[in-house]
Amino acid sequence: MKVIHVYHSGFYMEFAQCALLFDYYQGALPSVPADKPLYVFASHVHQDHFSFSIFTKEELRAHPQVTYILSNDIKRKYNRNFFLRQGVTETQYDRITFIKADETVCKDCDSGSIRIQTLKSTDAGAAFIVDVEGRHIYHAGDLNWWSWEGETKEDERRMEQDYKREIAKLSGQVFDIACLPLDSRQGERFALGFDWFMRHVETEHAYPMHYWDENKVVSKLLSLPCSEPYRDKVVKKDEIVL
């Protein structure tokens with residue numbers, strides 16, 4: 001299993017029999033083997049998680065075996081005709097599976113199957129839980145403990161409850177890779193969601209994401225006393241092989 005952090009919340013993961021691409025909207029893509037089925041995910045409609053370039057970018061458009069797994073809020077905003085006006089072909093559109101929160105979908109690939117489950121995001125769309133070739137993968141999308149200065153106590157309490165409720169659904173699961181938001185715009189609250197996840201969900205490797213070019217936020221997390229129990233699980237490289 002090879003994992004590459006492309007940019008922001010975008011990840012490419014390659015396995016023996018297939019490859020996954022999550023929340024790509026910009027950045028240099030690795031070479032995707034043409035003989036491996038490619039599953040392209042978008043967790044929600046926000047422009048830093050979904051772009052029509054997943055259909056029009058040459059190396060993706062030319063791939064012969066692409067399946068698209070898109071959050072249902074993308075379909076609610078853009079109908080079929082809008083997709084076609086953006087350069088998406090009829091064939092590509094027919095390869096899209098739109099998925100809702102709290103839904104399970106199975107797709108076949110050469111290794112047998114890829115199983116996809118979703119959680120409800122605390123912002124928009126869904127988080128993905130993917131089982132493929134014996135690996136258990138989590139991509140949070142924008143499911144996070146979002147907390148902002150100036151919010152009311154009621155808003156803060158509701159967000160905390162919503163986030164903890166979704167993460168509780170992962171109890172007992174063990175993830176090989178978890179891709180988790182770490183957003184410096186939250187100020188001193190930037191690590192709330194990351195820290196809660198790592199303390200309540202067993203995870204072998206945790207990839208910080210959603211920080212654009214502000215990669216110092218990773219060092220900031222690692223300097224916090226709260227990260228000591230899981231510090232060695234936080235991935236600091238753009239690419240790893242497991």
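This is a dialogue about reading helix packing and residue burial in a predicted model.

Colleague: Let us start with helix α8, residues 216-223; which of its residues are buried?

Modeller: In this predicted model, the buried residues of α8 are Val217, Val218, Leu221 and Leu222. Looking down the axis of α8, one finds these buried residues within an arc of 145 degrees, so they line one face of the helix. Lys216, Ser219 and Ser223, on the other side of α8, are exposed.

Colleague: And what do the buried residues of α8 pack against?

Modeller: They pack against two elements, helix α7, which spans 192-200, and strand β12, which spans 202-209.

Colleague: Since α7 has come up, how should I read the way a pair of helices packs, and at what angle do the axes of α6 and α7 cross?

Modeller: In general, two packed helices are described by the angle between their axes and the distance between the axes. Here the axes of α6, residues 153-168, and α7 come within 11 Å and cross at roughly 30 degrees. Because angles under 35 degrees count as roughly parallel, α6 is roughly parallel to α7. The crossing in which α6 passes α7 is right-handed.

Colleague: Which residues make that contact?

Modeller: From α6 the contact is made by Tyr163, Lys164 and Ile167, and from α7 by Gly193, Trp196 and Phe197. Sorted by class, the contact of α6 with α7 has four nonpolar residues, one polar and one charged.

Colleague: Turning to single residues in strands, is Phe11 buried or exposed?

Modeller: Phe11, which is found in strand β2, residues 10-14, has a relative accessibility of 0% and therefore counts as buried, the cut-off being under 20%. Leaving aside neighbours within four places in sequence, Phe11 is in contact with a list of residues including Val3, Val6, Leu20, Phe22, His139, Cys179, Tyr207 and Met209. Phe11 and Phe41 are 30 residues apart in sequence, while their C-alpha atoms are 9.7 Å apart in space.

Colleague: What is the relative accessible area of Arg115, and how does one classify such a value?

Modeller: Arg115, whose place is in strand β8, residues 114-120, has a relative accessible area of 35%, and because that value falls between the limits of 20% and 50%, Arg115 is partly exposed. When neighbours within four places in sequence are left aside, Arg115 is in contact with Thr104, Val105, Cys106, Ile129, Val130 and Asp131. Of these, Val105 is 10 residues from Arg115 in sequence and 6.0 Å from Arg115 in space, C-alpha to C-alpha.

Technical notes
Residues numbered from 1 in each chain as written. Predicted model: local features only at pLDDT ≥ 70, side-chain atom pairs only at ≥ 80, totals over all residues. Heavy atoms only, no water. Buried < 20%, exposed > 50% of the residue type's maximum accessible area, 1.4 Å probe, protein only. Helix = DSSP H or I, 4+ residues; strand = E, 2+ residues; numbered from the N terminus. Arc of directions from axis to C-beta. Contact = heavy atoms within 4.5 Å. Axes fitted to C-alpha atoms, helices over the stretch in contact; angles between N-to-C directions. Parallel < 35°, antiparallel > 145°, perpendicular 65-115°, else oblique. Left-handed = near helix turned anticlockwise from the far one by under 90°. Nonpolar A, V, L, I, M, F, W, Y, C, P; charged D, E, K, R; others polar.
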